[in-house]
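Me: Got a minute to walk through this one with me? I'll throw short questions at you and jump around a bit.

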Amino acid sequence: MSQGEEQSNEAWIELSAIVGPEHLRPARPEDAVDAVQPAGVIAPGTAQEVAQVLRYCASAGVSIIPRGGGTQLGLGNRPRKADFVLSLERLNRVIEHAWGDMTVTVEAGCTIDKLQSVVREHGQRLGADPMQPERATVGGVLATAESGTLRIRYGAIRDLVLGVEMALADGSVIKAGGKVVKNVAGYDLTKLAIGSLGTLGVITRAVFRLHPIPVAPATFAAMLPTAAEAEKLLLAILDSHLVYTGLQMRARHEDQIFIYIRFEGIPESLEDQYVKLGRIAGAHQFVDCAGDVWMERQKLFVNAGSSVICKCSVLPSQIGSLCDAIFQHTRKDGVVVTLVAQGTGLAEMRLDAADLHLLTNVLHALRGEVERLAGTVTVAQCPVTMKSELEVWGTIRDALPLMQRIKQKFDPGQVLNPGRFVGGI
Amino acid sequence: MNARLVSEFRSIVGDVGLVSGPEQLRTYECDGLTLFRVVPDLVLLPASAEEMQAVVKLCYRENIPMVARGSGTGLSGGALPVKGGVVISVTRMNRILEVDLPNARVVVEPGVTNSAITAAVSPRGYFYAPDPSSQVVCTVAGNVAENSGGAHCFKYGVTTTYILGLDVVLSDGTLLHLGGTTMDQPGYDLVGAFVGSEGTFGIITRITLRIIKKPETTQVLMAAFDSSSEAGAAVSNIIACGMFPAAMEIMDRLALEAAEAAVHANYPDCQALLLVELDGSAREVELLMEKVGPICKECGAWEIRLAKSEAERMAVWKGRKAAFAAVGRISPNYLVQDGVIPRTALPRVLGEIDRLSADAGLRVANVFHAGDGNLHPLVLYDRRIAGEEERAMTLAEDILRLCVEAGGSITGEHGIGEEKKMFMPVMFSPADLDAMQRLRSAFDPYDLCNPSKMFPGTDAKLQTPVAYEPHPIELAGLAQRY
């Protein structure tokens with residue numbers, strides 16, 4: 001028996017004792033992360049059990065891949081090791097919807113859809129629309145800092161979280177923040193946890209602030225002749241008094257550029273907003289359109305096994321330049337590109353081509369231009385073979401050593417998602 | 001501090017950037033929390049990031065604790081000097097470096113005041129949303145350190161929502177660029193971690209922040225009630241109707257008297273005044289405001305006034321923002337508290353505060369951000385009366401415990417600083433506090449940045465609290481602490 005198998009056997013017995021044998025199963029091929037095959041999938045039932053699992057794994061050097069709905073497993077570098085997947089599937093309860101306070105406390109494995117359906121009973125919603133809400137979990141959305149098209153109105157997911165409970169590698173369960181909408185007691189460990197890709201601890205519970213569900217949603221679309229015109233219109237809308245909850249651009253080819261805007265006020269003000277929108281848009285005609293255009297981000301991920309999907313972040317005034325750079329680098333090589341950009345300057349981009357080497361080169365060139373604009377390009381998903389040829393997170397500036405020190409303080413044994421985060425954290 | 005070291009500091013910042021005279025140093029002995037005071041060894045006012053870095057490196061070399069300071073308006077003693085340490089003021093670094101309106105971003109040096117940002121962008125219809133009451137004088141770096149809020153954060157959020165990038169100098173003099181100008185920089189959210197760290201992680205030299213478009217219309221309604229509980233019920237009902245006001249504030253009788261005396265805001269003469277501010281599109285605000293009045297009346301409001309013009313609106317807010325300082329007109333001394341409770345607990349907690357106030361035989365004026373449950377009870381006392389100051393402190397502490405028991409927090413926007421560090425264990429477990437310490441030690445392994453603040457039991461010898469004595473220029477009426 002090899003050393004690895006011995007370790008795995010011992011780990012199996014120890015982990016099984018923590019969660020019960022029925023909650024530890026052998027991993028299947030679909031549990032692999034970037035083709036790194038784990039031995040098992042463990043599903044603790046409480047935060048304390050999560051912490052015990054982590055403590056054992058840290059002491060024994062067993063690596064852990066925390067997983068919610070598994071919708072964003074393509075994010076990050078290929079893990080250095082992936083001994084066990086830690087599934088949050090059993091921590092799936094909505095603990096308390098304090099509707100009078102407009103807050104909700106949920107366990108990390110609760111899906112976004114389930115959360116939304118509970119708070120909807122009192123006319124409220126979480127002001128975020130992450131992708132694949134029927135599968136995506138609260139913990140996964142927080143770990144990856146995914147928010148969606150509502151962000152332009154309600155802020156990022158970090159702005160909607162009031163507190164988290166987190167299990168750490170030393171076996172402790174900590175809480176950060178609280179249940180009230182304003183709270184500056186102690187360091188904001190919540191912010192540190194959000195977007196840390198499970199490399200500092202495993203989020204087991206979160207408290208969100210909620211917003212009222214608007215009564216009259218309406219979406220309008222306009223087609224624009226060029227990326228420059230589209231950018232101009234976006235900037236004019238951003239500079240206006242319009243009150244919108246979504247502002248998105250979608251570009252598939254140079255001649256297929258659309259801008260979508262969503263209003264969600266009261267019915268009486270909708271007409272007024274539409275008239276004002278018309279004045280801003282000038283010659284560009286906005287027409288009523290179906291609300292499913294707000295799923296365009298998610299649609300990029302459909303049948304994307306051999307595609308490259310990137311998250312870009314630029315200034316709103318650079319969206320036109322971003323489009324032009326993309327078109328310029330993909331035009332001659334027959335790469336099919338779709339870009340879905342939000343008014344915040346955040347965008348998702350999908351690139352398809354038969355030749356992966358070509359895609360890698362295109363991506364390098366594009367990233368070079370975007371980083372010169374002070375923007376970022378990170379790879380959200382790509383074929384595993386490409387991951388060895390590109391830095392999926394892009395260039396990290398001078399704060400990397402500090403990030404590594406933080407990782408060292410929270411997970412000195414590097415058992416949590418080893419290698420997947422920036423700089424190989 | 002020995003003369004050789006002083007001259008070394010002087011060679012970095014020049015005469016104008018160094019304060020060493022005993023009387024001048026006393027200006028820095030406390031911040032807005034005047035209960036504690038410590039005279040620093042030296043005050044340094046660097047004029048650039050390079051000077052800042054050089055000053056910090058020298059402190060690091062000599063193992064001198066550093067306390068960063070903005071305008072000193074903080075209310076929790078965050079800028080209280082530590083014994084044997086220096087104060088590093090950012091007030092000379094006060095330039096607005098860049099205004100990028102198309103992208104709604106502004107880059108500033110740390111000592112720019114909160115109001116200066118809005119002043120710079122308001123001609124073009126923008127504003128900087130966090131609005132602490134001290135906004136005319138407080139610095140943005142201080143706001144970042146404390147994660148400051150204000151009256152309008154119910155809708156617009158607190159400082160952390162608006163900060164995109166920070167240049168910071170760590171305790172060993174390393175200059176780091178955290179975040180950036182675009183959103184969602186890859187890596188840990190170090191900007192999010194830094195905001196609210198109360199000067200314990202490092203010193204800020206540059207801030208990139210977001211501004212937002214001023215709404216088309218803003219209206220504020222005043223409703224007069226016979227009790228704060230009734231006003232609190234109106235707040236809940238307004239929210240239950242699906243409205244999302246920009247601000248909802250309640251002031252009780254004592255606070256109103258004080259504000260009226262100070263700025264003549266012409267408030268109705270009542271037991272509790274509720275301010276409801278709606279903003280957004282003109283049509284929507286008009287329509288929704290028509291609903292707010294009746295909701296207030298149902299809850300017992302007997303007078304409703306709507307401030308429609310900008311001038312009327314500013315007068316209403318001026319009174320509210322002056323309330324803390326104004327309490328000085330009705331009481332020789334007072335303690336400002338800053339607790340948070342879930343909004344639905346408001347009537348019960350207010351009742352309890354009344355009871356505690358009666359038991360202690362001390363008056364409590366209440367000013368609060370009702371929308372987000374952030375209470376600012378002001379405990380009034382006279383320190384010339386033996387034992388009153390101690391009773392006032394005990395009462396303030398009891399109010400905080402009450403907030404935590406109700407599921408809330410010991411501070412909503414003023415911070416922990418020196419004042420509340422002993423209360424951290426009331427809210428956080430040893431494991432929670434340990435996790436915070438790990439983060440602190442990653443930023444400042446040498447424990448040189450604002451040491452002994454925020455956490456209990458951290459080296460008490462660095463501070464010797466002494467009851468506040470006014471500075472001679474205060475006694476002369478030449479200056480006032482905010």
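**Across the interface**

Reply: Sure, starting with the chain contact: six salt bridges are found across the interface of chain B and chain A. Keep in mind that this is a predicted model.

Me: Which residue does Asp170(A) form a salt bridge with?

Reply: Arg438(B) is the partner of Asp170(A), and their closest N and O atoms are 2.5 Å apart.

Me: And how many residue pairs are in polar contact across the interface of chain B and chain A?

Reply: The count is 31 residue pairs, with both residues at pLDDT 80 or more. Several elements of chain B each supply at least two residues to the side that touches chain A, among them β9 (175-179), α10 (282-298) and α16 (430-443). With eleven residues, α16(B) gives the most to that side.

Me: How many residues does the contact take from each chain?

Reply: Chain B puts in 88 residues and chain A puts in 75 residues.

Me: What area is buried between chain B and chain A?

Reply: About 6400 Å², with carbon and sulfur atoms giving 58% of it. On the chain B side, Pro186(B), Tyr188(B) and Arg438(B) supply 14% of the area that chain B buries against chain A, more than any other three residues there.

Me: OK, Thr376(A) next. Buried or exposed?

Reply: Thr376(A) is buried, because its relative accessible area is 8% and the cut-off for buried is under 20%. Thr376(A) sits in strand β19 (residues 376-381) of chain A.

Me: What is Thr376(A) in contact with, leaving aside neighbours within four places in sequence?

Reply: Residues from both chains: Lys311(A), Cys312(A), Ser313(A) and Val370(A), plus Asp184(B), Gln185(B) and Pro186(B). Pro186(B) is also one of the three residues that supply 14% of the area chain B buries against chain A.

Me: Switching topic. What does the predictor say about the complex?

Reply: It gives an ipTM of 0.97 and a pTM of 0.95.

Me: And what is the mean pLDDT of chain B?

Reply: It is 91, and 95% of the residues of chain B reach 70 or more. Over residues 459-467 of chain B, though, the pLDDT is below 50, and that stretch has 26 contacts in the model beyond near neighbours in sequence. Residues 477-482 of chain B also stay under 50, with 16 contacts beyond four places in sequence.

Me: Now the inside. How many residues has the largest nonpolar core?

Reply: It has 260 residues, and Phe208(A) and Met249(A) are those with the most contacts inside it. Helix α14 (residues 388-405) of chain B gives the most to this core, with eight residues. There is also a second, separate core of 29 residues, which includes Ala258(B), Ala265(B), Leu273(B) and Trp317(B).

Me: What does Phe208(A) touch?

Reply: Not counting residues up to four places away in sequence, its contacts include Met102(A), Val104(A), Leu126(A), Leu142(A) and Ile157(A).

Me: And what does Val141(A) touch?

Reply: With the same neighbours left out, Val141(A) touches Ile112(A), Pro130(A), Ala136(A), Glu146(A) and Ile157(A). Val141(A) belongs to helix α4 (residues 138-144) of chain A and is buried, at a relative accessible area of 3%.

Me: Glu146(A) has charge. Which network of salt bridges is it linked in?

Reply: Glu146(A) is linked with Arg297(A), Lys311(A) and Glu348(A). Lys311(A) is also among the contacts of Thr376(A).

Me: How many salt bridges over all chains?

Reply: The count comes to 49. One of them joins the side chains of Asp279(B) and Lys155(B), at 2.6 Å from N to O. Asp279(B) lies in strand β14 (residues 272-280) of chain B and Lys155(B) in helix α6 of chain B, so the pair ties together parts 124 residues apart in sequence.

Me: Is Asp279(B) buried or exposed? And Lys155(B)?

Reply: Asp279(B) counts as buried at 12% relative accessibility, and Lys155(B) counts as buried at 18%.

Me: Last topic, backbone. What is the phi of Ala35(A)?

Reply: It is positive, about 70°, although Ala35(A) is not a glycine. Ala35(A) is in the loop between β1 (24-26) and β2 (40-42) of chain A, and it is exposed, with a relative accessible area of 53%.

Me: And where is Asp447(B) found?

Reply: In the loop between α16 and α17 (472-475) of chain B. Its phi is also positive, near 55°, and Asp447(B) is partly exposed, with a relative accessible area of 42%.

Conventions:
Residues are numbered from 1 along each chain as its sequence is written. Chains are lettered from A and ligands numbered from 1 in the order in which they are written. Side-chain values use heavy atoms; hydrogens and water are left out. A nonpolar core is a set of buried Ala, Val, Leu, Ile, Met, Phe, Trp, Tyr and Cys residues joined through side-chain atoms within 4.5 Å. Buried means under 20% relative accessible area, exposed over 50%, partly exposed in between (1.4 Å probe, protein chains only). Helices (H or I, at least four residues) and strands (E, at least two) are DSSP runs, numbered from the N terminus. Contact means heavy atoms within 4.5 Å. pLDDT is the predictor's confidence in each residue, from 0 to 100. Buried area is the accessible area (1.4 Å probe) that two parts lose on being put together, summed over both. A salt bridge is a side-chain nitrogen of Lys or Arg within 4 Å of a carboxyl oxygen of Asp or Glu. A polar contact is a pair of N or O atoms within 3.5 Å; within protein, one must be able to donate a hydrogen and the other to accept it, and residues adjacent in sequence count only if both atoms are side-chain atoms.
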